[in-house]
Structures are given as C-alpha cells and as structure tokens.
Amino acid sequence: CREFPELQFSLNGGINSLVEAKAILDGAPPNLVGIMVGRAAMNNPCALADADRFLYGRAANPPSARSRRALLEAYCEYLEREHPPGGATCQAQGSGP
C-alpha cells in the first residue's frame with residue numbers, strides 16, 4: 001500500500017476475527033480501504049455480530065446481530081425481498097440445485 005499511495009487496496013483472506021481486523025485496520029495506511037472476511041463469515045456468521053460497534057464505533061449493533069435466530073430471520077427476509085418465490089432462477093451449471 002505504501003509503495004502505491006495513489007491506489008486503493010483491500011486485504012483478502014486470513015482474517016479470522018474482529019480483533020485481527022481491527023489491529024490491521026488501525027495500523028494500515030489510508031489507502032487500505034477494506035478487508036474481506038468471507039470464510040470467517042461463512043464458518044461463523046455470529047463472529048461478526050459486534051462489527052458495527054467494535055470496528056466502526058457505532059453506539060450499538062443492529063437488532064439482527066442479537067442472536068443466531070435474529071440473524072437467520074433477517075437473512076430470510078432479505079432473501080424473500082431480493083429473490084421472491086417464482087422469480088427467475090439461474091440456469092448456469094454449478095449455480096444451485
């Protein structure tokens with residue numbers, strides 16, 4: 001990042017907790033604009049439940065972060081809104097059942 005200050009970077013991979021993410025972001029140059037936590041989120045979505053407060057300084061996390069059930073309900077609402085029943089389905093090989 002420091003060698004190319006005119007570019008923006010995102011770190012991809014190897015971040016497994018909010019503590020790790022915060023340590024990296026706190027010591028990062030200004031052109032490190034993000035980090036990706038895909039596998040950590042996939043393996044344990046609740047590990048990110050405190051992200052808004054811990055990483056971004058919000059007073060509280062959203063209601064969907066209160067429990068695994070709240071997270072699942074919020075995700076179901078999102079899916080129903082973004083992918084309604086009877087909507088178009090992807091026909092690409094490997095895209096689903």
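**Exercise 1. Find how much space lies in the largest pocket, and which residues and elements line it.**

*Step 1.* Start with the space itself: the largest pocket holds about 330 Å³. A pocket here is an open set of points on a 1 Å grid over the protein atoms alone, where a 1.4 Å probe fits and protein lies on both sides within 12 Å along at least five of seven lines. Its volume is the space filled by probe spheres set on the points, which are joined across faces, edges and corners.

*Step 2.* Next, look at the lining, meaning residues with an atom within 4 Å of a point. There are 23 residues lining the largest pocket, and Pro45, Leu48, Ala49, Ala51 and Asp52 are the closest to its centre.

*Step 3.* Now match the lining to elements: H1, strand S2 (32-36), helix H3 (51-56) and H4 each give two or more residues to it. Helices (H or I, at least four residues) and strands (E, at least two) are DSSP runs, numbered from the N terminus.

**Exercise 2. Judge how confident the model is, and where confidence is lowest and highest.**

*Step 1.* Remember that this is a predicted model, in which local features need pLDDT of at least 70, side-chain atom pairs count only at pLDDT 80 or more, and totals for chains, interfaces and linings use all residues. Residues are numbered from 1 along each chain as its sequence is written, and side-chain values use heavy atoms, with hydrogens and water left out.

*Step 2.* Take the overall figure: mean pLDDT (the predictor's confidence in each residue, from 0 to 100) is 84 for the protein, with 90% of its residues at 70 or more.

*Step 3.* Go to the elements: helix H1 (residues 18-26) has the highest confidence, at 91, while helix H2 (residues 38-43) has the lowest, at a mean of 83.

**Exercise 3. Describe the order of the elements and how much of the protein is buried.**

*Step 1.* Count the elements: the protein has four helices and two strands. Read from the N terminus, they run β-α-β-α-α-α.

*Step 2.* Check burial: of the 97 residues in the protein, 10% are buried. Buried means under 20% relative accessible area, exposed over 50%, and partly exposed in between (1.4 Å probe, protein chains only).

**Exercise 4. Locate salt bridges and say how exposed their partners are.**

*Step 1.* Searching the whole structure gives four salt bridges, each a side-chain nitrogen of Lys or Arg within 4 Å of a carboxyl oxygen of Asp or Glu.

*Step 2.* One of them joins aspartate 50 and arginine 53 at 2.5 Å, N to O. Aspartate 50 is partly exposed because its relative accessibility is 24%, and arginine 53 is partly exposed too, at 39%.

*Step 3.* Turn to helix H4 (residues 68-82), where arginine 69 and glutamate 73 sit four residues apart, about one turn of the helix. Their side chains meet at 3.0 Å, N to O. With 63% relative accessible area, arginine 69 is exposed, whereas glutamate 73 is partly exposed at 39%.

**Exercise 5. Place lysine 22 and name the residues it touches.**

*Step 1.* Find lysine 22 in helix H1. Its relative accessibility is 26%, so lysine 22 counts as partly exposed.

*Step 2.* List its contacts (heavy atoms within 4.5 Å): leaving out residues up to four places away in sequence, lysine 22 touches Phe54 and Leu55.

*Step 3.* Lastly, compare positions: lysine 22 and alanine 51 are 29 residues apart along the chain, and their C-alpha atoms are separated by 9.6 Å.
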